[in-house]
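These are my notebook entries on a structure that was new to me. I looked up one topic at a time and wrote down what I found.

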Amino acid sequence: MTYFAFACALILGILFLRASRKLRNSEEYNTQLRRDIRNRNEARNKTHQREIQRLLDALPYPFFSISEKGHVIRINRHSEEIFEDRDIKDRSIRQVFLDSPIYSSIKSVLDTPAPYRGTLRLPPGSPFSSRAGDKDSHWEIDVRPLALQSNSLEVQLMMRDITASVHADQVRQDFVANASHELRTPLSIISGYLENLTEEGGLDNKALAQKMLNTMDRHVVRINCIVEDMLVISKLESDEAAPLKLAPFNIAGCVRDIIERLEPIIEQQKASVEVNVPGIQITGDHFYWTQILFNLVENALKQNTAAPVTIRIDGEQNKKGNFTIRITDNGIGIPGSDLPFIFKRFYRVEKHHTQSQVKGTGLGLSIVKRAIEAHGGNISAASTPGDQTIFTITLPPIEAPNDRNEGRLA
Ligand code: ATP
Ligand code: MG
């Protein structure tokens, strides 16, 4: 009996040990299985996250995703570039966007949550204005709740930099406003005189009528010049590459022609013009070169009616074929604060024109600059008022087209 009891206890003990080992094995197995599943899920999740990041980086705009609590969770490569070295991940939107309109837009979407789309103007100094330099920058922003399976709310912000197109629109609007203003003055003078002349007896006083006709003629010439200038500049500024009629011509001959045209003004102002330009051939568009030289010499004469001015035109070509031409005068000059703007359309030095009745639209130098750039060259201006003003043009060598005398320069 004792043996029997002992044998039973032994068998039970063995069975118990086996069962508990089996249990332990299956527990280990399950733990391992769970670990494997977790690892596999994590790996899959990481791949998934990497794919999302790749897609976000491929977006052409800055992208931010923001948590319900208002923290930046995810950004793309464009957002990183904007914030440069600053790590903005996990930061609150207040810290990242400060109290800019971007912050308020995200906040309103987090609070409502209704999507928001609009354009914002940001002053210089914010991370978003770096590309616009010292000007305001303009952004189109799109803030909307993210469609997530979980219950938590996330918000996505996408931003598109529209600064360049807003500035281009502004320039166009200014151009139209300025051009209409410039045309209105001579037109209203002409229509006023026409009214006088067409009234009954308006032609009785022949001398007075003739005077009016002469004035009207001068203003028609002026309108013509403005329209011509506007056509030239819009042609030079059209999106296509400016079509230039390239051909070799004698630059000294071109200078002689424009001086002949300006001879009446030179004589009237007792100005002197010294020319030191070699009689060489350069390749370019003769029409635009005449405009370039005419505008520069005309400016030197026009701005210096009070005292006789001396104008020098010096040209030289170096061994590499680069051509440089300088137009120098010793007149009133251009104040340093105005120099950076003189090549802009319609820009005129206020000081010059409030004191005297110098006529002009402010298109001359912008035409000069565009025309030189269309030839691949550049122009710079330096001035010490009352002493010396120099416009320097440099032009790389241009090959004349062989078949037809027509070329296209970018
Ligand atoms: P437009 O040429 O269209 O008839 P404008 O002569 O006034 O008009 P720009 O030729 O573009 O216009 O010149 C811009 C401004 O630069 C001039 O109004 C003038 O104030 C200044 N400027 C240009 N050249 C000289 C110069 N040689 N000396 C002094 N001021 C100059
Ligand atoms: Mg001019």
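**Entry 1: one residue and its contacts**

With which residues is Leu157 in contact, leaving aside its neighbours within four places in sequence? I noted beforehand that I was working with a predicted model. I found Leu157 in contact with Pro62, Phe63, Phe64, Ile66, Phe97, Ile102, Ile106, Ile141, Asp142 and Val143. I placed Leu157 in strand β5, which covers residues 155-161. Its relative accessibility came out at 0%; the limit for a buried residue is under 20%, so Leu157 counts as buried. I also looked up a separation across the chain: the C-alpha atoms of Leu157 and Ile334 are 48 Å from each other, with these positions 177 residues apart along the chain.

**Entry 2: strand β1 and its partners**

I turned next to β1, whose residues are 63-66. Which strands does β1 join, and in which direction do they run? I counted four bridges between β1 and β5, and this pair is antiparallel. Three bridges link β1 to β2 (residues 72-75), again antiparallel. Ser65 gave me a residue to follow on both sides: Gln156 stands opposite it in β5, and Arg74 stands opposite it in β2.

I recorded that β1 and β2 make a hairpin, with five residues between the strands. In the turn, Gly70 has a positive phi of about 85 degrees.

I then asked which residues of β1 lie on each side. In a regular strand, side chains alternate between the two faces of the sheet. Here I found Phe63 and Ser65 on one side, with Phe64 and Ile66 on the other. The four are all buried, and both faces of β1 are covered.

**Entry 3: aromatic pairs**

How many aromatic pairs does a search of the whole structure find? I noted six. A pair of aromatic rings is described by the distance of the centres and the angle of the planes.

For Phe64 and Phe97 I noted 5.3 Å between the ring centres and 75 degrees between the planes; the pair is therefore edge-to-face, as the angle is over 60 degrees. This pair links distant parts of the chain, with Phe64 in β1 and Phe97 in helix α3 (residues 93-97), 33 residues apart. Phe64 is buried at a relative accessible area of 0%, and Phe97 is buried at 3%. Together with Phe83, these two residues form one aromatic cluster.

I looked up Phe287 and Tyr288 as well. They too make an edge-to-face pair, at 5.2 Å centre to centre and 70 degrees between the planes. Is each of these residues buried or partly exposed? Phe287 is partly exposed at 43%, whereas Tyr288 is buried at 3%.

**Entry 4: domains and cores**

I took down the domain assignment: domain 1 (58-161), domain 2 (164-240) and domain 3 (241-410). The C-alpha centres of domain 1 and domain 2 are 49 Å apart.

Which residues have the most contacts inside the largest nonpolar core? I listed Ile251, Trp289, Leu293, Leu296 and Ile325, in a core of 61 residues. At least three residues of this core come from each of domain 2 and domain 3. A second core, separate from it, has 25 residues, including Ile88, Ile102, Leu120 and Val143.

I followed Leu296 further. Not counting residues up to four places away in sequence, it touches Ile327, Leu365, Val368, Ile379, Phe391 and Ile393.

**Entry 5: a sheet of five strands**

In what order do the strands of the open sheet stand? I read the order as β8-β10-β11-β13-β12, with mixed pairing. β8 (272-276) and β12 (378-384) are the edge strands; each has a single partner, so one side of each lacks a neighbour in the sheet. From one strand to the next, the twist averages 10 degrees.

I counted five bridges between β8 and β10 (residues 310-317), and these strands run parallel. Val273 has Ile311 as its bridge partner in β10.

Two helices that pack on the sheet close my notes. Helix α7 (residues 251-268) touches β8, β10 and β11 (323-329), and its direction makes about 175 degrees with that of β8. Helix α10 (residues 364-374) touches β12 and β13 (388-395), at about 140 degrees to the direction of β12.

Terms used. Residues numbered from 1 in each chain as written. Chains lettered and ligands numbered in written order. Predicted model: local features only at pLDDT ≥ 70, side-chain atom pairs only at ≥ 80, totals over all residues. Heavy atoms only, no water. Core = buried A, V, L, I, M, F, W, Y, C linked by side-chain atoms within 4.5 Å. Buried < 20%, exposed > 50% of the residue type's maximum accessible area, 1.4 Å probe, protein only. Domains from an automatic or database assignment. Contact = heavy atoms within 4.5 Å. Pairing = 2+ DSSP bridges. Axes fitted to C-alpha atoms, helices over the stretch in contact; angles between N-to-C directions. Phe/Tyr/Trp six-rings, centres within 6.5 Å; stacked < 30°, edge-to-face > 60°.
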